[in-house]
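Here are my notes on the model, set out as numbered points. I hope they are handy to have beside you as you look through it.

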Amino acid sequence: MKNGSVYIETYGCQMNFADTEIVLGVLKKQGYTVAQNPEDADIILLNTCSIRDNAEQRIYGRLGNLKNLKTKKPELVLGILGCMAERLRKDLIEEKKIVDVVVGPDEYRRLPEYIDIAFNGDKGIGVKLSRTETYDDIEPHREDGLSAWISVMRGCDKFCTFCVVPFTRGRERSRSLNSIVKEIEDLSARGFKEVTLLGQNVNSYQDEENDFSDLLAAAAKVDPSMRIRFTTSHPQDLSEKLLYTIAEQQNICNYIHLPVQSGSNRILELMNRTYTIEHYLNLIEKAKRIIPGVSFSTDIIAGFPTETWEDHLATLDVMRQVRYDGAYMFKYSPREGTKAYKMGDDVPEDVKTKRLQEIIDLQQQISYEINQGLIGKEEIVLVEGFSRKSNEFLSGRTDTNKVTIIPAQENIKPGDYIRIKINKATSATLFGEYLSHIVFEKSSVVLSA
Ligand code: SAH
Ligand code: SF4
Ligand code: F3S
């Protein structure tokens, strides 16, 4: 069965990248092949993001480029998937005539039907959200590699007032623990060395009596030579049990992405983040105590409605107290349909820009200082391949997710764990020298909890 070839581009968060693999899994099963570039494809799909206005503008720009291709080849099917499809629905097609298919995150199973509708000259629209869809049984299409993503839950019930995700991804639901463990076993057999468990709020994972800590522990036991990462943790739901689980299992990375968003309790409340900064800092302290050497990253929004200079200073203050290893920092972007949208967007653009720049500068200084402090220390690095700049160097990452560069040598291959000594550091990169290889015993325990 041959059905045509598909080219897909992915934007947005890691969950969208994981979804793209599910989409390709669904389409391959129907006989579609994967095209390596848009010119060769019968179907072009953009898996899109709505989180901030600039994410959507990028897609409109890309649609502008693709117009030429469609003019040359009118039978080409052009589809929008993901969060923008869900948010804008048929408006997308009404506004952008070149779009033939609009399919949201919970309707990928039926994508082949919507594509058929488009092949027959109509518009294929599927944007129903589901309370149960987890694509548990779909085998994702994954190229061979070292690192894989697995969505362990979908949706979000938090309704932070600035955020579109609860509207574009629907209600929270979890995949079964057994199917996730099975997938990790398969990845281990294929030589993967790192798995990142994904969800908008992984701490609310629940499969019967198993919570997220149970899932992490089960994932870690599959293969001790496989690193387990996870994202994102919501500060309200991160449990002590989870911290102990991370501390106990050597292959669960000592790295927690814990978005704070703002350092001001007044703003946190307006954001409906449901925690106070005291709770947050207490959690950080607990994590530092329970997991020696733990590192943190965060997300910060500058210029949320009504944010004052004092609120902004409170954010800088929290950054100084926690000393994050890294941060994703954004200007507030009003999103229609959210609660914050109704609060107005009263922080002027130039003030947002200035605050964001101060946040970025401070984070860079902190990252630099933390990394300087690592000089002379030893780290274990999972080697990923040649560095981007030169084949004379190899690149890998530490347990704490820091990119590390070492001189290449014959006996070091991608997928190896090596002990290195750090001798130089910038705010973004560590440089080190090779000391020795680390070998993990493959566990003989076969897990099916
Ligand atoms: N579920 C995750 C994050 C999802 S979105 C969490 O709870 O943290 C990733 C980040 O984008 C958010 O943490 C937030 O910092 C940012 N973000 C979301 N909506 C935004 C908006 N309207 N404007 C600016 N940044 C936003
Ligand atoms: Fe958005 Fe908040 Fe859910 Fe994260 S927890 S996806 S920021 S609503
Ligand atoms: Fe974007 Fe949707 Fe992810 S809005 S950040 S692609 S969940």
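1. Over residues 142-369 the chain is 41% helix and 18% strand, with the end C-alpha atoms 38 Å apart. That stretch carries the UniProt annotation "domain: Radical SAM core", from an unreviewed entry. Please keep in mind throughout that this is a predicted model.

2. The other annotated stretch is residues 4-120, which the unreviewed UniProt entry labels "domain: MTTase N-terminal". Here the chain is 50% helix and 19% strand, and the end C-alpha atoms lie 14 Å apart.

3. Ligand 3 is a good place to stop and look. Its surrounding residues are Cys13, Asn16, Thr48, Cys49, Ser50, Ile51, Cys83, Val165, Arg169 and Gln200. Sorted by class, this shell has five nonpolar, four polar and one charged residues. Domain 1 (5-126) and domain 2 (147-372) each supply at least three residues to the shell.

4. Around ligand 2 you will find Cys156, Lys158, Phe159, Cys160, Phe162, Cys163, Val165, Pro166, Gln200, His234 and Arg273. The classes here come to seven nonpolar, two polar and two charged residues. Val165 and Gln200 are listed around ligand 2 and also around ligand 3, so both views are worth having open when you inspect them.

5. Helix H1 (residues 14-29) deserves a short paragraph. Its 16 residues reach 23 Å from the first C-alpha to the last, close to the 22 Å expected at 1.5 Å a residue. H1 is mostly covered, with twelve of its 16 residues buried. Among the buried ones are Met15, Asn16, Asp19, Glu21 and Leu27. Asn16 also belongs to the residues around ligand 3. Just after H1, Gly31 takes a positive phi of about 95°.

6. On to the salt bridges, of which the count comes to 36. One of them pairs Arg110 with Glu107, the closest N and O atoms being 3.8 Å apart. Arg110 counts as partly exposed because its relative accessibility is 35%, whereas Glu107 is buried at 7%.

7. Which residue forms a salt bridge with Arg109? The partner is Glu133, and the closest N and O atoms are 2.7 Å apart. This pair links distant parts of the chain: Arg109 sits in the loop between strand S5 (101-103) and helix H5 (111-119), while Glu133 sits in the loop between strand S6 (124-126) and strand S7 (147-151), 24 residues apart. Arg109 is partly exposed, with a relative accessible area of 35%, and Glu133 counts as buried at 11% relative accessibility.

8. A salt bridge within one helix joins the side chains of Lys182 and Asp186 (3.1 Å, N to O). Both residues lie in helix H7 (residues 177-189), four residues apart, about one turn of the helix. The spacing fits a general point: an α-helix has 3.6 residues a turn, so residues three or four places apart point the same way. Lys182 is partly exposed at a relative accessible area of 46%, and Asp186 is partly exposed at 39%. Elsewhere, salt bridges that share partners join Asp19, Asp106, Arg154, Arg169 and Arg173 into one network. Of these, Asp19 is one of the buried residues of H1, and Arg169 is one of the residues around ligand 3.

9. A few backbone details are worth checking by eye. A cis peptide bond joins Thr231 and Thr232, with omega about 5°; Thr232 lies in the loop between strand S13 (227-231) and helix H9 (240-248). Glu208 is not a glycine, yet has a positive phi of about 50°. Glu208 is in the loop between strand S11 (206-207) and strand S12 (210-211), and counts as exposed because its relative accessibility is 68%.

10. Thr274 also has a positive phi in a residue other than glycine, near 65°. Thr274 is placed in the loop between helix H10 (265-270) and H11, and is partly exposed, with a relative accessible area of 44%.

11. Last, Arg289 is found in helix H11 (residues 277-290). Is Arg289 buried or exposed? Arg289 counts as exposed, at 62% relative accessibility. Arg289 and Leu243 are 46 residues apart in sequence, and their C-alpha atoms are 9.6 Å apart in space.

Conventions. Residues are numbered from 1 along each chain as its sequence is written. Chains are lettered from A and ligands numbered from 1 in the order in which they are written. This is a predicted model: local features need pLDDT of at least 70, side-chain atom pairs count only at pLDDT 80 or more; totals for chains, interfaces and linings use all residues. Side-chain values use heavy atoms; hydrogens and water are left out. A residue is near a molecule or strand if one of its heavy atoms lies within 4 Å of it. Ala, Val, Leu, Ile, Met, Phe, Trp, Tyr, Cys and Pro count as nonpolar, Asp, Glu, Lys and Arg as charged, and the others, Gly among them, as polar. Domain bounds come from an automatic or database domain assignment. UniProt positions are given in the numbering used here, feature names are shortened, and annotations may be inferred rather than shown by experiment. Helices (H or I, at least four residues) and strands (E, at least two) are DSSP runs, numbered from the N terminus. A salt bridge is a side-chain nitrogen of Lys or Arg within 4 Å of a carboxyl oxygen of Asp or Glu. Buried means under 20% relative accessible area, exposed over 50%, partly exposed in between (1.4 Å probe, protein chains only). The expected span of a helix is 1.5 Å times one less than its number of residues.
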